[in-house]
Amino acid sequence: MAVSLPPTLRLSPAPDEIQHPHMKFSEWKFKLFRVRSFEKAPEEAQKEKGPSEGNPCLEQSPVVPDKSGGQNSAPTQRALKLHPKFSKKFHADGKSRDKRVHQARLRHFCRICGNPFKGDGHNRRYPVHGPVDAKTQSLFRKKEKRVTSWPVLIARVFRIDVKADVDSIHPTEFCHNCWSIMYRKFSSAPCEVYFPRNPTMEWHPHTASCDICLPSHQGLKRKMHQPNVQLSKKLKTVLNQARRDRQRKRAQARVSSKEVMKKISNCSKIHLSTKLLAVDFPAAFVKAISCQLCEHILADPVETTCKHVFCRICILRCLKVMGSYCPSCRYPCFPTDLESPVKSFLNILNSLMVKCPAQECDEEVSLEKYNHHVSSHKESKETLVHINKGGRPRQHLLSLTRRAQKHRLRELKIQVKEFADKEEGGDVKSVCLTLFLLALRARNEHRQADELEAIMQGRGSGLQPAVCLAIRVNTFLSCSQYHKMYRTVKAITGRQIFQPLHALRNAEKILLPGYHPFEWQPPLKNVSSRTDVGIIDGLSGLASSVDEYPVDTIAKRFRYDSALVSALMDMEEDILEGMRSQDLDDYLNGPFIVVVKESCDGMGDVSEKHGSGPAVPEKAVRFSFTIMRITIEHGSQNVKVFEEPKPNSELCCKPLCLMLADESDHETLTAILSPLIAEREAMKSSELMLEMGGILRTFKFIFRGTGYDEKLVREVEGLEASGSVYICTLCDATRLEASQNLVFHSITRSHAENLERYEVWRSNPYHESVEELRDRVKGVSAKPFIETVPSIDALHCDIGNAAEFYKIFQLEIGEVYKNPNASKEERKRWQATLDKHLRKRMNLKPIMRMNGNFARKLMTQETVDAVCELIPSEERHEALRELMDLYLKMKPVWRSSCPAKECPESLCQYSFNSQRFAELLSTKFKYRYEGKITNYFHKTLAHVPEIIERDGSIGAWASEGNESGNKLFRRFRKMNARQSKCYEMEDVLKHHWLYTSKYLQKFMNAHNALKSSGFTMNAKETLGDPLGIEDSLETQDSMEF
C-alpha cells in the first residue's frame, strides 16, 4: 500500500531500502484519513466551503487545493511514497509558502484588539505606521496638541509600542473600534464603543500550531504536512508538560496580580467582607455584588465604561498606581469615566442583610441601615467599619455645598474638636492648618507649603516675580533701591510683598532673547545655529582695527534672529488672539509674513560724571526694530492677524544694539553694524521654525529701513552731507533744479543703484575729472552698507519745516522783501524780537536747537497771528496766513499712521495744496527761495504722494519711537550706574528690552487701571498697609532711597 502526494509537488518515490520501518503504518493511516475526508457528499463539502469563504481570516491558500474529488485520488496515492525528511527543497518551499499565507491572513486582523475586520460592514481600516487621518488631525489642532502619527497615539492610549513591529509577525492595520477609543480619549465627547474584555493581543511568529492559520485547517489538517514519525511519545509528553507549566504560570501571575491589587486598595478596615452576609448566596451572585479588586462587598460602587463594577476608593487608588485602564480587562479607563450603576442594582445591594461584626451583637441589618446600627455601638472598644451606602456618584468634597461638607465631615470635626480642646486649648483652626501643612510637606509640595506657612504667620504670599519686575523696570529702580524697598516693606509689614532680586532675575530669563528654541530652514549663512545666545559684544569677531582705523568703543547687542524670536514669543497672546478673531485657530498652511521696521539714530551727548575706565566717546547710537504687522495668506488674500496700534511709541521700539560712538563716524558704524546687516540679509532668504501655541509655525520676515533721519540716511547710503548740491536722498535733483521745479519729481534712488555708483566712483572707468565723476554718481562718495527704503522721516520733516518757518518769521519781521542786504546784527535783533514776542504771547521759551515739542507749538495759526502783530504790511499777513494754512492742511497726510482713514480729504487735496504752496514760495517769498530750496520743503512738496501710494503711510514708518527712546537710555544709565561701562551698557540694554516687553506692560496697565479707578485697600479686612504701598508705587518714579 503506497500513499502519494499531489502531483503538483512532482516528487519521485524513494527506494524501499531507505524507507523508515514504521513508514508503512503512517502511510496507511494517512491514506485512510484522506480517502474518508474526500468521500464526503458534495452538499457537505459546499457547506464547509461556505463558512470558510465568509471568514476573512481564512484566505484562499495555494496549499489547500480548490477541488477534492475521486479523480485526483489515484495520482495522489502514487506520489505519497517519500517522507518530507528526504526532500529539503520541499521543506524550504513549504515553509516560505506557509509564511506568505500567514502574512496574508494577518492583514485581516486588528493590530490592537486582534479582532477580524469582518465585524465592520464598511471595512474601515487604519494603517498602524501611517499619519493620522484628517478628522483626528483637526481634533488635535483644536486642542493645540502636536501628534502626527498613529504610533504615538497607540502608545499613549493602549500602551503598545508598534514602532518595532515586523510585518511577518504583526498586522499592519487596526480597526475602527480602536480608532473610536483613541478619538474619544481626546475629544471628551460621548461615544459608545466596544472593546474586548481581554488583555491586549500578543502576536508571535508563525509556527506549526499557529492560532491564525489553525482554524483554516480544520477538517483538512493532514493536507499541510505529513506527521513526523520521529516525534516520539516521550517528546509529546514533554510538550504537554511544558504547555501545562505555561498555563500554571499564567494562573499564578493572575493570582499574584490580584494580590497586588488588594495591597493597593488596602481597604480591609473600611469595607465589609462577604463573609458577613447573612444568607449563603450562590458564588456567582456573591461575585456580582463584590468588588473585583478587594473582593469585599461593594461600598459606594461605580461602573466603568467596560461595565465592570468596583468600590470607588479601590478603583481610584488602582488607577492612580497602575495606570488608566480597567484592572479586569485592561480597557482604557479614566477617573472621569466612572459612573454610578443602575438604580435597580443599588436597590438590591442596599437590601442585602449583613451580620453585625460586634461580638456582643447578633443582629442582622440591611446594608442600607448598617451605618446607623454601627453608630449605636459607641461604648464598644472594637473598631467597627463605617461604609458608604452608595447612591449617586460621590462628589468631591470641594464641589459640595457648605451644608453637605458639614454633613460629610461631621465625625472628623468632632474628633478634631476633642483633640483641640484637650491639647491646644480649643484652637481648631491651628490644628487644621497644621494638618494641611504636614500633608503638603509629606507630598514634597514645598512651594504651596511655604505660602500656607506665610499665611499662618500673617505674612501673605506677596506679588508674583513678573509683577515686581514690571514695577522695578517702569519705575527705574536700581538694584540697591529695590533691595532697600524690599527689606523696608518686609520689616515694617511683616509680609513679603515684593520678591527678592534673585526671583526677579529668574523672571528676566524668560523675557530676554536666548531663552526660546528655534530653527531656520535653510540654516542661516555665517550665523551660528545656537539659540541660547543672549547679550554679546558688538565688536566680537572683529580685528583690533578696520582699514587701519582703531575701533575704540563699547558696544553691546543681541543677535538679530534671537531678538526677533523673543519679540514674537512676547507677542504670542496677541497673535493667537488675532487668529481667533479671524477664525484661523487651526491655521497651519504657509508662513506668517512679519514686517519689521528698522530704526537707527544718534542720541547726542550722553556723558556722565561718574565711573571710570577707558576713554570712550561721549555720544551714543542705538539700532532698534519694531514689528509693524503680521499677515498670513488665507486663500487668495492676506489676512492681518496683528498690527502695532502705536508704531511710534517707545514701548514697541525694541533695542537691538547700543554703542558709545558718534553717528558721523562712518568706520565705527560700519564695523559694529555690519554683523547685524549680515544676519538680516541671511534671514531674508530663510524661514523661521518656531513653536507657538503648541504648534510649530513658520515665519518669513520683510525688513524696511525707514526709521532714519536724513543725516544717518546719507551716512549709511554713502551720500554726501545735507549741504551738498544734490539736495535729495530720494531723487537725483540738484538744489537749483529743485527750486525751479518744486513739485514734479519722482523717486529714482535705491540701495542697489547707490552700490553701482560707488563702484563707478571708486574705479573711475571713464577716466573723468572729479567734477564730471561727481556729476555721474550723483553725490555718492562712500560705500553704502545698510539698505534703506527711500522714504521721508515724518518727525524730522516736521522739525525741519518748522525751523524754516521760524526763519521766515524773522525775515518778515525785518521786511527782507524790501531790503535783502541786512547786516548780521540786524538779523540777530529780529530773532530776539521774535523770541520775546513768542514767549509773551505763546509761552514759547527760546531754544538753542529746534525740537519736536517746539515745532508742534510753533506751527499753528495762533502763532502766525502773534507774528503778524510785528509785521506792518497787511499783504504780508495774508501771505503768511495762507502759507501756514496750506501747510497745516498738508501736515496730517505725512504725520498720520493711516491717512486714507484719518484724513481722506487732506489726502485728496494734497496735490492742489502742494502746488499752491510752491506757487507762494516762488512769488510772495521769492526773496528766500529764488535758486534754492530746503531739503524738507523739497521732499514735502515733491515726494509725499508717491510714498503714500507705495506704502500707504509715512507717519507709521517714522523714527519717532526710536527718538522717544533717547530719554530712556539716560534714565536706565543712571539706574544701572557702575564702575565698568562695559557692564553698564549690558544692564542698560537688558532693562531697555524689558521696558518694551508687552508681557510686563500688561501688569503695569492693570496697575494703572486700578489706580485710575480709585482702588484702595481695606486695612481691616487685610493685614493693614502701614507703608501705603499703593501710594509708594505711584511716587516711585521720583523716589530717591
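Which residues lie nearest the centre of the largest cavity? Keep that in mind while you get oriented; the tour comes to the cavity shortly.

**Whole chain**

Start with everything shown. This is a predicted model. Colour it by secondary structure: the chain has 42 helices and 17 strands. Now colour by burial. Of the 1041 residues, 45% are buried. Switch on contacts if your viewer allows it. Take those between residues at least 6 apart in sequence: 69% of them join residues at least 24 apart.

**The largest cavity**

Run a cavity search over the whole structure. Seven cavities of 30 Å³ or more turn up. Go to the largest, which holds about 200 Å³ of space. Select V713, T729, L730, V789 and S791. Those are the residues nearest its centre, out of 21 that line it.

Next, show the elements around this cavity. β17, α23 (710–716), α25 (751–763) and α36 (935–942) each give at least two lining residues. Which element supplies the largest share of the lining? Select β17: its share is three residues. Then colour the lining by class. You should find seven nonpolar, eight polar and six charged residues.

**Just past α25**

Stay with α25 and step off its end. N764 is in the loop between α25 and α26 (770–777). Check its backbone: phi is positive, about 50°, although N764 is not a glycine. Is N764 buried or exposed? N764 has a relative accessible area of 19%. The cut-off for buried is under 20%, so N764 counts as buried.

**Helix α21**

Select residues 572–581, which form helix α21. Show the side chains of I575, L576 and M579, and mark G578; these four are the buried residues of the helix. Turn the view to look down the axis. The buried residues fall within an arc of 155°, so they line one face of α21. A general point helps here: an α-helix has 3.6 residues a turn, so residues three or four places apart point the same way.

What does that buried set pack against? Add α20 (560–570) and the strands β12 (592–605), β13 (619–634), β14 (637–643), β16 (687–692) and β17 (695–708). β17 is the strand you met at the largest cavity, where it supplied three lining residues. Before leaving, find D583, which follows α21 and has a positive phi near 60°.

**A cis peptide bond**

Jump to Q521 and P522. The peptide bond joining them is cis, with omega about -10°. P522 sits in the loop between β7 (519–521) and β8 (535–537).

**Around β3**

Finish at β3 (301–303). On one side, the loop between α9 (283–288) and β3 holds D300. D300 has 6% relative accessibility, so D300 counts as buried. Display its side chain together with that of R312. A polar contact of 3.0 Å joins the two.

Now take the loop between β3 and β4 (309–311), where K307 lies. K307 is not a glycine, yet its phi is positive, about 70°. Is K307 buried or exposed? Its relative accessibility is 52%. Exposed means over 50%, so K307 counts as exposed. As a last view, show K307 and N764 in turn: both have a positive phi, but K307 is exposed, whereas N764 is buried.

Notes:
Residues numbered from 1 in each chain as written. Predicted model: local features only at pLDDT ≥ 70, side-chain atom pairs only at ≥ 80, totals over all residues. Heavy atoms only, no water. Buried < 20%, exposed > 50% of the residue type's maximum accessible area, 1.4 Å probe, protein only. Arc of directions from axis to C-beta. Contact = heavy atoms within 4.5 Å. 1 Å grid on protein atoms, 1.4 Å probe; cavity = no way out; pocket = protein on both sides within 12 Å on 5 of 7 lines; lining within 4 Å. Points joined across faces, edges and corners; volume = space filled by probe spheres on them. Nonpolar A, V, L, I, M, F, W, Y, C, P; charged D, E, K, R; others polar. Polar contact = N/O pair within 3.5 Å; in protein donor to acceptor, adjacent residues only side chain to side chain.
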